[in-house]
Amino acid sequence: MQIFTTTQDLRTFICQFKSQNPQKTIGLVPTMGALHKGHLSLIEASLTVCDCTIVSIFVNPTQFGENEDFNQYPRKKEADLHICAKAGVEIVFMPEVSQMYPLDSTLQTTFNAPAAMANVLEGKTRQGHFNGVLQVVLKLFNLVRPDKAFFGRKDAQQLLIIQKMVQDLFLPLEIVPCPIVRNEEGLALSSRNAYLSPSGITQALRISASLNAVTKAIMRGIKDSYELKRIALEVLEGLEVEYLVIVNHELQNIEQIQKNSTLILVVVRIEGIRLLDNLWF
């Protein structure tokens with residue numbers, strides 16, 4: 001496994017790889033580190049279908065808001081490198097901020113994520129967050145020039161916005177959505193789960209249980225969004241539900257679910273920890 005810390009070294013490798021292996025494919029797995037089994041599933045998906053897998057590990061400052069502590073975000077360099085090496089990753093790109101943002105902030109090219117998708121739900125209280133996400137993701141796409149990039153369905157809003165950018169800017173790559181990874185009890189994997197007490201874990205299991213109840217209702221033929229939300233909220237009764245919405249892939253509320261274009265998003269706070277989950281239908 002090779003580790004690159006500069007954009008120049010990465011670009012040199014990409015140029016050589018593409019010139020020497022014109023038929024071979026590159027897969028990119030962008031991460032902010034602190035890797036867990038969810039990230040590993042993205043890496044394994046890339047290793048399965050791509051000839052060369054590149055994992056980026058970079059805590060991106062432009063997607064952090066004023067009240068979010070960039071410096072406190074967990075960084076586990078040695079553990080992350082061990083996971084990548086054990087998985088069989090060919091390249092890890094682990095740059096410093098100065099490598100990804102060499103220009104003064106007043107000289108940087110910035111992006112506006114599509115307002116209708118970026119200023120709702122997760123973006124409602126994190127103004128500018130998705131602008132920063134697109135800024136760094138596009139930089140990574142330009143550096144790596146991947147054939148495929150792998151993103152988890154758990155961060156559904158982020159995934160949809162990145163897909164929209166690729167479509168809108170005619171970027172020559174495929175975004176590969178990967179399934180949510182859950183523990184044996186059904187809880188969606190997240191680094192935040194470690195902050196929950198055993199009692200909190202038990203309560204958190206009701207989140208996936210609410211989505212399972214919705215799935216069963218849909219299988220019985222129920223398509224009305226109001227009724228499906230009622231069923232989910234009944235399972236979540238007593239918990240602090242921040243939002244539970246049924247939307248299309250443009251994140252617009254819909255009255256009736258439609259197959260292959262519906263997303264059910266839920267955010268619940270348990271013991272002060274904000275937990276996200278969703279169901280793609």
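The following exchange introduces the charged pairs and helix packing of a predicted model.

Biologist: On what basis are the residues numbered and the values computed?

Modeller: Residues are numbered from 1 along each chain as its sequence is written, and side-chain values use heavy atoms, with hydrogens and water left out. The model is predicted, so local features need pLDDT of at least 70 and side-chain atom pairs count only at pLDDT 80 or more, while totals for chains, interfaces and linings use all residues.

Biologist: How many salt bridges does a search of the whole structure find?

Modeller: Side chains of opposite charge can pair when their charged atoms come close. A salt bridge is a side-chain nitrogen of Lys or Arg within 4 Å of a carboxyl oxygen of Asp or Glu. Across the whole structure, the number of salt bridges found is 8.

Biologist: How far apart are the closest N and O atoms of glutamate 227 and arginine 230?

Modeller: Both residues belong to helix 9 (residues 225-235), where being 3 residues apart separates them by about one helical turn. Helices (H or I, at least four residues) and strands (E, at least two) are DSSP runs, numbered from the N terminus. Glutamate 227 forms a salt bridge with arginine 230, and the closest N and O atoms are separated by 2.7 Å.

Biologist: Is glutamate 234, which meets arginine 230 in a salt bridge, buried or exposed?

Modeller: Arginine 230 and glutamate 234 lie 4 residues apart in helix 9, about one turn of the helix, and their salt bridge spans 3.4 Å from N to O. Buried means under 20% relative accessible area, exposed over 50%, and partly exposed in between (1.4 Å probe, protein chains only). Arginine 230 is partly exposed at 39%. Glutamate 234, with a relative accessibility of 54%, counts as exposed.

Biologist: Which residues are joined into one network with Glu242 and Arg274?

Modeller: Glutamate 242 forms a salt bridge with arginine 274, with 2.8 Å between the closest N and O atoms. Glutamate 242 lies in strand 7 (residues 240-248) and arginine 274 in strand 9 (residues 273-280), so the pair ties together parts 32 residues apart in sequence. Glutamate 242 is partly exposed at 33%, whereas arginine 274 is buried at 14%. Through salt bridges that share partners, these two are joined into one network with Glu122 and Arg269.

Biologist: Which side chain of opposite charge is nearest to lysine 154?

Modeller: Lysine 154 is placed in the loop between strand 5 (148-152) and helix 7 (156-168). Not counting residues up to four places away in sequence, lysine 154 touches Ile180, Ala188, Leu189, Ser190, Leu276 and Asn278 (contact means heavy atoms within 4.5 Å). Lys and Arg count as positive and Asp and Glu as negative; His and the chain ends are not counted. Lysine 154 is buried yet has no salt bridge, and the nearest side chain of opposite charge, 5.0 Å away, is aspartate 155.

Biologist: At what angle do helix 2 and helix 3 pack?

Modeller: Axes are lines fitted to C-alpha atoms, for helices over the stretch in contact, and angles run from 0 to 180 degrees between N-to-C directions. Leu40, Ile43 and Leu47 in helix 2 meet Ile83, Cys84 and Ala87 in helix 3. The axes of helix 2 (residues 37-49) and helix 3 (residues 77-87) are 11 Å apart, and the packing angle is about 30°.
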